[in-house]
Amino acid sequence: QVQLVESGGGLMQPGGSLRLSCVASGRMFSNYNMGWFRQAPGQERELLAAISWGSARTYYADSVKGRFTISRDNAKNTVFLQMNSLKPEDTAVYYCAADRSRLLSKEYAYWGQGTQVTVSS
């Protein structure tokens, strides 16, 4: 069992940056692939970025490639999402998720509660 808690969301002007953090409790965080998703009102949940358990593989959706960076610190049970050059269309609830085997999937086993990101002037 893994519990996930996101933080770092908030209101930011277009062009600004935010860094989201997701702290995992439970055992063997380093065995889990991690993903960041977002969901805007009326839209499906979207996989933005994913990182494998040992950081050897990363994935980015085209919508965030070159602007967002996923990273993890297994010693601190934490995964990060650095978001630069934010746009109004990045406004959504952001979720982190964990799975022992899935990486490029929407069907992760464990989910955080989400953190709101609003990009507006």
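These exercises walk through strands, charged residues and loops of one predicted model.

Before you start, note that residues are numbered from 1 along each chain as its sequence is written. In this predicted model, local features need pLDDT of at least 70, side-chain atom pairs count only at pLDDT 80 or more, and totals for chains, interfaces and linings use all residues, while side-chain values use heavy atoms, with hydrogens and water left out.

**Exercise 1. The open sheet**

Find the order of the 4 strands in the open sheet, and name its edge strands.

Step 1. Start with the vocabulary: strands are DSSP runs (E, at least two residues), numbered from the N terminus. Two strands pair if DSSP finds at least two bridges between them.

Step 2. Trace the order, which is S1-S3-S8-S7, with antiparallel pairing.

Step 3. Look at the ends: strand S1 (2-7) and strand S7 (68-73) are the edges, each pairing on one side only. From one strand to the next, the twist averages 15°, taken between axes that are lines fitted to C-alpha atoms, with angles running from 0 to 180 degrees between N-to-C directions.

Step 4. Zoom in on one pair. S1 meets strand S3 (residues 18-26) through 6 bridges in the antiparallel sense, and Val5 stands opposite Val23 in S3.

**Exercise 2. Strand S9 and its partners**

Work out why S9 is described as largely enclosed, then list strands joined to S9 by bridges.

Step 1. Check burial, where buried means under 20% relative accessible area, exposed over 50%, and partly exposed in between (1.4 Å probe, protein chains only). S9 is largely enclosed by the rest of the structure because 7 of its 8 residues are buried.

Step 2. Take the partners in turn:
- Strand S4 (residues 33-39) runs antiparallel to S9, with 7 bridges; here Arg38 stands opposite Tyr94.
- Strand S11 (residues 115-119) is also antiparallel to S9, with 3 bridges; Ala92 has Val117 as its bridge partner.
- Strand S10 (residues 110-111) joins S9 through 2 antiparallel bridges; Ala97 is matched with Trp111.

**Exercise 3. A buried arginine without a salt bridge**

Determine what surrounds Arg72, which is buried yet has no salt bridge.

Step 1. Place the residue: Arg72 is in strand S7.

Step 2. Look for an opposite charge, counting Lys and Arg as positive and Asp and Glu as negative, with His and the chain ends not counted. A salt bridge needs a side-chain nitrogen of Lys or Arg within 4 Å of a carboxyl oxygen of Asp or Glu. For Arg72, the nearest side chain of opposite charge is Asp73, 8.3 Å away.

Step 3. Search for polar contacts (N or O atoms within 3.5 Å; within protein, one must be able to donate a hydrogen and the other to accept it, and residues adjacent in sequence count only if both atoms are side-chain atoms). The side chains of Arg72 and Asn74 are joined by one of 2.7 Å. A polar atom of the Arg72 side chain also lies 3.0 Å from the backbone oxygen of Ser52.

Step 4. Add the contacts, meaning heavy atoms within 4.5 Å. Beyond four places in sequence, the residues that Arg72 touches include Phe29, Tyr32, Met34, Trp53 and Val79.

**Exercise 4. Salt bridges**

Which residues do salt bridges with shared partners join into one network?

Step 1. Begin with the total: the whole structure has 6 salt bridges.

Step 2. Inspect Glu46 and Arg38, whose side chains meet at 3.1 Å, N to O. Glu46 is partly exposed at 26% relative accessible area, whereas Arg38 is buried at 8%.

Step 3. Turn to Asp90 and Arg67, which form a salt bridge of 2.8 Å, N to O. Asp90 lies in the loop between S8 and S9 and Arg67 in the loop between S6 and S7, so the pair ties together parts 23 residues apart in sequence. Both Asp90 and Arg67 are buried.

Step 4. Put these together: Arg38, Glu46, Arg67 and Asp90 belong to one network.

**Exercise 5. Two serines with positive phi**

Where do Ser55 and Ser85 lie, and are they buried or partly exposed?

Step 1. Ser55 has a positive phi of about 70° although it is not a glycine. Ser55 sits in the loop between strand S5 (46-51) and strand S6 (58-60), and is partly exposed at 34% relative accessibility.

Step 2. Ser85, also not a glycine, has a positive phi of about 50°. Its loop runs between strand S8 (78-83) and strand S9 (92-99), and Ser85 is partly exposed at 41%.
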